[in-house]
Amino acid sequence: MKSFARNLYQQQNGQRYFSVALKKKVEHSIQEKQKVLNHFKKEHGNAKLGDVTVGQVIGGMRSMPGLLYETSKLHHLDGITYRGKDLYQVKEQSPKAPGGSEPLPEAALWLLLTGEFPSQSELQEFQTELFNRGQIPAEIEKLIKSFPKTMHPMTQLSMGVLACQPLSKFAKAYHDGIHKSKYWDPTFEDALDVCARVSRIAAIIFHNCYGDNNKIPTADPALDYGANFAKQLGFNDKTFWELMRLYIVIHADHEGGNVSAHATHLVGSTLADPYLSFSAGMNGLAGPLHGLANQECLKFLLDLQDKLGKTWTEDDIRQYVKDTLASGKVVPGYGHAVLRKTDPRFMCELNFADQFISKDDNLVNLVKACYRVIPNVLEATGKVSNPWPNVDAGSGALLMHYGLNQFDYYTVLFGVSRAFGVMAAQVWSRGLGLPIERPNSFTLEHLIKKVEHDHHIHHGHGHHGHK
Ligand SMILES: CC(=O)SCCNC(=O)CCNC(=O)[C@H](O)C(C)(C)COP(=O)(O)OP(=O)(O)OC[C@H]1O[C@@H](n2cnc3c(N)ncnc32)[C@H](O)[C@@H]1OP(=O)(O)O
Ligand SMILES: O=C([O-])CC(=O)C(=O)O
């Protein structure tokens, strides 16, 4: 056996491979980081990161510093970096499927967990391991298959993840009295299991809703994660497999403050296990201002095509967007709470379309025309902080091109991907021993009183009791 090689051991659900290499790397880097963190906290725990304004407290805590989150960082102009690598670097440096050009989800997960890409042999080990971890006990599959066809796929995803919660190794270890310094270990186990299982849950949901859930195509142990997911959905086009790999990689993580990551992080901070935490994150992703915007965005484009046919002009789009704004709705796929430029994830989607999709795809061309028209219209409102497209503006048109036209399913794809980021982050949160989250809240009355009081003191009328 090679040094990184698998170590076979018995677990509650039968025999599994256990990738020693990854766990050792994670353990080592957590220990190193822990030292840095302890020292930093001791030396600089009182250093100021800025002031908090009333506007931020009322306004969704926008840009307020408040979280330690290790796996990725967002820059308002350059977009997301995974462990310091932007998405172009991720795409370039990641191992690929044989003959492929897109990054592999399992390689991105390894990167998010450790800060490095796996070697070819580590990757192969890891693929096998994730494949084996992806199995779901028959009685749980049966439960997920019993969800009604009409239930929104995101509700099914959140419930499907919860249905697997009894398998949590963290919950069991906590119950058995694990020492707090070891929390990260069963969290790591659960995190990999959640990432492995979520695509199986998602495949069942797809067939629950749109097909026959007794005839789900089987996964193939020789294939990578993205290909297997696509295959289980019923897609055998190799270019679609490439799209799925890219899709999962670019949607995986977006630092800690976005709603799905933050909800996962918040719930995890109570030591609720990774299944409970991730399910909570998925409930947040299911909101139309967050992940559900990709469903909304495709609907927006199709409604526009329905109304105007395939001979729409840029003027038609402009008018359609103005009408949307006038009716008090948002334009899905545009704007962002942090980004102030075109989302690089949207550019990755356009690049994929340019490389693989014919120039006469009307829907892809509509996405591009929207990109030329919509920012000006939004800018003209004078209130939209970021008029540029986000990741959700482009993904649906690509999926449609390959025949995945069930757009109320799109956020489930996003959810599968998001598992890779937020679960990797949870391993780190437990590894660094982060405490329960509990920020301060105010009633409006308290806020008003506090501001009046501070104003009073500032103007020299108050008693300076604590000089
Ligand atoms: C994966 C992701 O989650 S990416 C985001 C996906 N969501 C969408 O695409 C939905 C459309 N976009 C939006 O609703 C917003 O831009 C958000 C939720 C993404 C960001 O929200 P905020 O940070 O509050 O945006 P911002 O500071 O620009 O908001 C100021 C005003 O502009 C409006 N605005 C922002 N974006 C848009 C838009 N795309 N269409 C219309 N109005 C918009 C806001 O609704 C707000 O209006 P109000 O003052 O009347 O309440
Ligand atoms: O960062 C955000 O607020 C939303 C977003 O784009 C994501 O979570 O991918």
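This tour moves through a predicted model, one selection after another.

**Ligand 2**

Begin by selecting ligand 2 and the residues around it: H254, N258, S260, A337, V338, N390 and V391. Coloured by class, this shell shows 3 nonpolar and 4 polar residues, with no charged residue among them.

**E255**

From ligand 2, go to E255, which is placed in the loop between helix 11 and helix 12 (259-268). Is E255 buried or exposed? E255 has 20 C-beta neighbours inside 10 Å and therefore counts as buried. Its backbone deserves a check as well: the phi of E255 is positive, about 50°, although the residue is not a glycine. As background, most residues other than glycine have a negative phi.

**Helix 10 and helix 11**

Next, select residues 225-233, which form helix 10, together with residues 238-250, which form helix 11. The two axes come within 8 Å and cross at roughly 120°. Helix 10 and helix 11 are therefore oblique to each other, and their crossing is right-handed. To display the contact, show the side chains of G226, A227, F229 and A230 on helix 10, and those of F240, W241, M244, R245 and I248 on helix 11. This contact of helix 10 with helix 11 comprises 7 nonpolar residues, 1 polar residue and 1 charged residue.

**Helix 18**

Now select helix 18, residues 392-401. How many of its 10 residues are buried? The count is 8, and the helix is mostly covered. The buried residues to highlight in helix 18 are D392, A393, G394, S395, G396, A397, L398 and L399. To see what covers them, add helix 11, helix 14 (293-308), helix 16 (344-356), helix 17 (362-380) and helix 19 (410-431), which are included in the cover. Following helix 18, stop at G403, where phi is positive, near 95°.

**Helix 15 and helix 17**

Keep helix 17 on display and add helix 15, residues 314-326. These two helices pack at an angle of about 45°, and their axes are 9 Å apart. Helix 15 is therefore oblique to helix 17. The crossing of helix 15 and helix 17 is right-handed.

Which residues of the two helices meet? On helix 15 they are E314, I317, R318, V321 and K322; on helix 17 they are A369, C370, R372, V373, I374 and V377. By class, the contact of helix 15 with helix 17 contains 7 nonpolar and 4 charged residues, and no polar residue. When viewing such a face, recall that an α-helix has 3.6 residues a turn, so residues three or four places apart point the same way.

**L49, S63 and M64**

For the final stop, select L49 in the loop between helix 1 (20-44) and helix 2 (54-58). L49 has 8 C-beta neighbours inside 10 Å and so counts as exposed. Then draw a C-alpha to C-alpha distance from L49 to M64: the two residues are 15 apart in sequence and 9.2 Å apart in space.

Finish at S63, in the loop between helix 2 and strand 3 (72-75). S63 has 13 other C-beta atoms within 10 Å and is therefore partly exposed. Although S63 is not a glycine, its phi is positive, at about 60°.

Technical notes: Residues numbered from 1 in each chain as written. Chains lettered and ligands numbered in written order. Predicted model: local features only at pLDDT ≥ 70, side-chain atom pairs only at ≥ 80, totals over all residues. Near = placed C-beta within 6 Å. Nonpolar A, V, L, I, M, F, W, Y, C, P; charged D, E, K, R; others polar. Axes fitted to C-alpha atoms, helices over the stretch in contact; angles between N-to-C directions. Helix = DSSP H or I, 4+ residues; strand = E, 2+ residues; numbered from the N terminus. Parallel < 35°, antiparallel > 145°, perpendicular 65-115°, else oblique. Left-handed = near helix turned anticlockwise from the far one by under 90°. Contact = placed C-beta atoms within 7 Å. Buried ≥ 20, exposed ≤ 12 C-beta atoms within 10 Å, placed from the backbone.
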